[in-house]
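Subject: Structure handover

Hi,

Here is the structure you asked about. Please open it alongside this note; what I found follows below.

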Amino acid sequence: MNATIQTTRSKLLSTLTMGASVAAIGALSMTTPTLANAKTIAPSSADYSFTVEDKYKGTATRTLSKSGNVWKYDVNALVAKVASASQKSTFVINGNNVAPTQASTTYKLFGIGRTHSLSFNSGNKKVASTYKGKTVNLNMAQQAFDDLSLEVQIRQDLLNGKFSGNYYMAKKDKIEKTPFKNSGKAKITVPAGTFDTVRVDRIHDDNSRSTSFWLAPSLDYLPVKVSQFNDGKKMDLELTKVN
């Protein structure tokens, strides 16, 4: 039973906290110069529905806000009576570049919860990752991101024509480079309507896995749809409303 719960938790969280995958699309060095006239995405709030394994159905709300120079991104997702997840990220945007400062992900599955926190120090090129009461200090040779700030960075890059290939994502015990490819334009229909989108696919080492994202230029490249296939199980997320 414990193994089953662990596997289910992994699959649920993959969809509940899909910001990481959506974001991991372009390359950025910590020394990359900012764009003098860079465009900046607008604050937003959007609702989603998702299905995991054609069995679990849930909802999510993603809110991006700004106060002064500080940006905050909050995601709350729920599968009734089964699981919930909450993500938070704080960062600044300098020109085109996103610099995260703090992030956390908290989830509960069948009443059991965990929290993973990240603290970024770009000046010292370090990330402190805390999970289960243990903190690991990671070297950040290139700018790394949490799930949500990474999504914002890729949206910034797409908005400013800077898409290039790989980002660096801070995990629990390492900083990981993740390759993606731009698979072209597509028009798709979701509960929120029909959108022209850019489709981005993650390049997995395992051919039995696939992850695809559809980002809408008309919404500052907000995710409109996400589809994942892993271990024979499919997970889908779709935009239902832009608030």
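Confidence comes first, since this is a predicted model. Of the chain's elements, helix α2 (residues 19-23) has the lowest mean pLDDT, at 38. Strand β7 (residues 126-131) has the highest, at 97. The mean for the chain is 84. A pLDDT of 70 or more is reached by 85% of the residues.

One stretch needs care. Residues 15-33 stay under 50 in pLDDT. The model still gives that stretch 81 contacts beyond four places in sequence. Where pLDDT is low, the predicted coordinates should not be read in detail.

Now the overall picture. The chain has 243 residues, and 47% of them count as buried. It holds three helices and 14 strands. Take the contacts between residues at least 6 apart in sequence: 49% of these join residues at least 24 apart. The exposed area is about 11,600 Å². Carbon and sulfur atoms supply 47% of that area.

Next, strands β2, β3 and β4. β2 covers residues 56-67 and runs antiparallel to β3, with nine bridges joining the two. Leu64 has Tyr73 of β3 as its bridge partner. Two residues sit between the strands of this hairpin, where Gly68 has a positive phi near 65°.

On its other pairing, β3 is joined to β4 (residues 83-94), also by nine bridges and also antiparallel. Here Ala77 has Ala85 of β4 as its bridge partner. This hairpin has three residues between its strands, and Lys81 in the turn takes a positive phi of about 65°.

β3 itself spans residues 70-79 and has two faces. Trp71, Tyr73, Val75, Ala77 and Val79 make up the covered face. Val70, Lys72, Asp74, Asn76 and Leu78 make up the uncovered one.

Then helix α3, residues 147-159. Is it enclosed or open? All 13 of its 13 residues are buried, so α3 is largely enclosed by the rest of the structure. The helix reaches 19 Å from first C-alpha to last, close to the 18 Å expected. At its start, a side-chain oxygen of Asp146 comes to within 3.0 Å of the backbone nitrogen of Leu148. Just after the helix, Gly161 has a positive phi of about 65°.

Val152 is one residue of α3 to look at. What does Val152 contact beyond its neighbours within four places in sequence? The list is Ile41, Leu64, Tyr73, Phe91, Ile93 and Val98. Two of these names came up above: Leu64 and Tyr73 are the bridge partners that link β2 and β3. Val152 has a relative accessible area of 0%, so it counts as buried, the cut-off being under 20%. Asn97 is 55 residues from Val152 in sequence, yet the two C-alpha atoms are 9.4 Å apart.

Last, Asp201 in strand β11 (residues 193-202). Is Asp201 buried or exposed? Its relative accessibility is 9%, so it counts as buried. Its side chain makes a polar contact of 3.0 Å with the side chain of Arg199. Leaving out residues up to four places away in sequence, Asp201 touches Phe180, Lys181, Ser183, Thr211 and Ser212.

Best wishes

Notes:
Residues numbered from 1 in each chain as written. Predicted model: local features only at pLDDT ≥ 70, side-chain atom pairs only at ≥ 80, totals over all residues. Heavy atoms only, no water. pLDDT = per-residue confidence, 0-100. Helix = DSSP H or I, 4+ residues; strand = E, 2+ residues; numbered from the N terminus. Contact = heavy atoms within 4.5 Å. Buried < 20%, exposed > 50% of the residue type's maximum accessible area, 1.4 Å probe, protein only. Pairing = 2+ DSSP bridges. Areas by Shrake-Rupley, 256 points an atom, 1.4 Å probe, with all protein chains shown as cover. Expected span 1.5 Å × (residues − 1). Polar contact = N/O pair within 3.5 Å; in protein donor to acceptor, adjacent residues only side chain to side chain.
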